[in-house]
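Please open the model in your viewer and keep the selection tool at hand. The tour proceeds by stops.

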Amino acid sequence: MQKYLDIYFDTNKKLRALQYAMSTIHWDSNTEAPRGCFAQRGKNSAVISELVYKLSTDKVYIDAIKNIYEQREKLDPVMRHEIEKQKCEVDKTSRIPMEEYIKFTELLENARQMYFDAKAKSDYNLFKPYLEQIITYNKNYTVWQQTDKLSGYDVLLDEYEKGFTQKDFDNFFNVLREKLVPFVKKVTSKKLKFNDSWINAYFPADKQKEFSQYLEGVMCFDLNRGLMKESEHPFTLSVDSTNVRFTTHFYENMVASAIFSTIHELGHATYEQQVDPALNDTMSGGGVSMGMHESQSRFYENIVGRSYEFWQRHYPKLVETFPNELKGVTLDDFYKGINLAECSLIRTEADELTYALHIMIRYEIEKRMISGEIGVEELPKEWNKLYKEYLGVDVPNDKMGILQDVHWAGGTIGYFPTYALGSAYASQIYHKMSQDIDTKKEMGSENLKQINLWLKDKIHKYGSTMDPKDILKSATGEAFNPNYYVDYLINKYGKIYDIK
Ligand SMILES: [Zn+2]
């Protein structure tokens, strides 16, 4: 066993070093790299990618994983979980026919280009043949990866949130359909009265940046191990817990966008910074899943960042930063403005209340897409029908409808549901946290230290040493329960919109 462990650890050390280089290149490309370096950068990163591929598919390494797996009973729980995960990945890769994989990679390159073209022209027909092939590949993939526990769409869902099946998601979305859809109709039929003059007013970018830096302090982001920059689409990148970076953007006529992008990404970044440093030298560092990561960003962004308590404490600082821009705007005006609920067409611009309904539509479509119940021909019609049914809006064109998201063009089917799951996890976590600490009081504190500590102890420190389902259960004491989410939303928006 020791012989195999030596090979395993030694190869992982090299893989992590290469990953370190790739992550740094990726960060650089998305923030400050001069445009002129792209071609040279491409050549160099191709070399590193090839090294990664060779190392991770090396027969000696694969054999080591298989041998350790055979003797996994002798390992401690953390290492056993890691090796089970690695073995599962090795098996999955070996089940994909090489020529199919190469064809698919080529397809995606063309599909992405065609997608952007189709979106610009708002013409679904241009993208349709590519989408059809992407769906076919994904359907084949579900057959290759089928097990006695997983088949069909379940195979794809499991890729992004291990342990969550159609049955779980059906149950989740059924609760939303039953309780949230009628509530959203009530809320959005009312009009909130408040001073909204500031929402699209001019707020200089340099001052916005200053306030984002203030938010780093409020969230106790460790600048010795972290960094903030700007990019069009905000994102977080973590190499390990000593090197966590995020970006935000500053729109001068939409001050709230920067504030909530910053808090959202700081949520992802806090998760990464709080992983047990001992895991930096393993393959179990970093956040556990898409859903759990999104639960942390949305917890900070929505539950904390859009709470009255938070702004009661920090609104004076915002006014101090923008004394002229916010003249005559009260805390109440600001709170209502950041919690406006509207039935809209675009997912990425949706508010906290209606967001999950956008995801529900995509989930229903993906499910039927993979089962073969609907073909590419009928997708736009189905999309528009569901938007009318759940959000009451008419989709005017493909660009604002079926073509709005890049995910399918990137080949990913089964990813969307984790966005809604994240918000729901967050509410369940909030419920449990509030039994242990006075969460509302802490949200209104000078900083979020106590909240961070709770999350670190219950979730963050574990990195990916357990499955997401098990982390949620150990943190909250129960299995996933979507009712916390619906109750949270109905309680919050019921108060704001005065709905009994
Ligand atoms: Zn996010």
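Begin with the whole chain coloured by burial: of its 500 residues, 37% count as buried (20 or more other C-beta atoms, placed from the backbone, lie within 10 Å of the residue's own). This is a predicted model, in which local features need pLDDT of at least 70, side-chain atom pairs count only at pLDDT 80 or more, and totals for chains, interfaces and linings use all residues. Residues are numbered from 1 along each chain as its sequence is written.

Next, select the largest nonpolar core (buried Ala, Val, Leu, Ile, Met, Phe, Trp, Tyr and Cys residues joined through C-beta atoms within 7 Å). Of its 103 residues, L266, V304, A356, L357, I359 and M360 touch the most other members. Helix α14, residues 355-371, gives the most to this core, with 10 residues; helices are DSSP runs of H or I of at least four residues, numbered from the N terminus.

Now centre on M360. Leaving aside neighbours within four places in sequence, M360 is in contact (C-beta atoms, placed from the backbone, within 7 Å) with F173, L176, R177, Y390 and A420. Another core, of five residues, lies apart from the largest one and includes Y8, Y61, I68 and I83.

Finally, colour domain 1 (2-95) and domain 2 (119-500) separately; these bounds come from an automatic or database domain assignment. Their C-alpha centres lie 29 Å apart. How many residues does each domain bring to the contact? Domain 1 contributes 13 residues and domain 2 contributes 13 residues. On the side of domain 1 that touches domain 2, α1 (2-30) and α4 (77-95) each supply at least two residues.

Definitions and conventions: Buried ≥ 20, exposed ≤ 12 C-beta atoms within 10 Å, placed from the backbone. Contact = placed C-beta atoms within 7 Å.
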